[in-house]
Amino acid sequence: PVTVYGMVITLMLLSAMLKLTDAAWGAGASLLVGLGAFLFYLSDITLAWLKFVAPIQNGRIINIGLYHLGQICIAAGVALQFS
């Protein structure tokens, strides 16, 4: 399950990054979506590190912060694109 989840989230990141080259997407919207996906990806890497490797000082705060910033960027990018 961890491998499958890792592949799925990597495909999500790739899909978001491909918006940077999609002529149908505005530059600002694609940058926000790409940044959001990257932050979300980093939050999952942080979470996996915390669970399976070693503790990180303030790791849970970092994880939650990256997660929420990523979600905000993705939502803002999509809203900007389709408004």
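Reader: What makes Ile 9, Leu 13 and Ala 16 of H1 count as buried?

Author: Buried means under 20% relative accessible area. In this predicted model, Ile 9, Leu 13 and Ala 16 of H1 are buried, so each of them falls under that cut-off.

Reader: How do you know that these residues are on the same side of H1?

Author: They cover an arc of only 65° around the axis, and therefore they sit on the same side of H1.

Reader: What lies on the face of H1 turned away from the buried side?

Author: That face carries Thr 3, Val 4 and Leu 11, which are exposed. Exposed means over 50% relative accessible area, so Thr 3, Val 4 and Leu 11 are each over that value.

Reader: What covers the buried residues of H1?

Author: The cover includes H2.

Reader: How do you know that the span of H1 agrees with what a helix should give?

Author: H1 has 17 residues, which at 1.5 Å a residue should span 24 Å. Its end C-alpha atoms are 24 Å apart, so the two values agree.

Reader: What span does H3 reach, and what is expected?

Author: Helix H3 takes in residues 59–82, 24 residues in total. From its first C-alpha to its last, H3 reaches 35 Å, close to the expected 34 Å.

Reader: Which residues of H3 are called buried, and what covers them?

Author: The buried residues of H3 are Gly 59, Asn 63, Leu 66, Gly 70, Cys 73 and Gly 77. H2 is included in what covers them.

Reader: Why is the pattern of the chain written α-α-α?

Author: The chain has three helices and zero strands. Helices are written α here, and read along the sequence they give α-α-α.

Reader: How many residues of the chain count as buried, as a percentage?

Author: Of the 83 residues, 25% count as buried.

Reader: What makes the lining of the largest pocket a matter of two helices?

Author: Helix H1 (2–18) and helix H2 (27–52) each supply at least two residues of that lining. H2 gives the most, with seven residues. Among the lining residues are Ile 9, Tyr 41 and Phe 52. Ile 9 is also one of the buried residues of H1.

Reader: Which classes of residue make up this lining, and how much space lies in the pocket?

Author: The lining has eight nonpolar, two polar and two charged residues. Tyr counts as nonpolar and Gly as polar, so Tyr 5 and Gly 6 of the lining go into those two classes. About 240 Å³ of space lies in the largest pocket.

Terms used. Residues numbered from 1 in each chain as written. Predicted model: local features only at pLDDT ≥ 70, side-chain atom pairs only at ≥ 80, totals over all residues. Heavy atoms only, no water. 1 Å grid on protein atoms, 1.4 Å probe; cavity = no way out; pocket = protein on both sides within 12 Å on 5 of 7 lines; lining within 4 Å. Points joined across faces, edges and corners; volume = space filled by probe spheres on them. Helix = DSSP H or I, 4+ residues; strand = E, 2+ residues; numbered from the N terminus. Expected span 1.5 Å × (residues − 1). Buried < 20%, exposed > 50% of the residue type's maximum accessible area, 1.4 Å probe, protein only. Contact = heavy atoms within 4.5 Å. Arc of directions from axis to C-beta.
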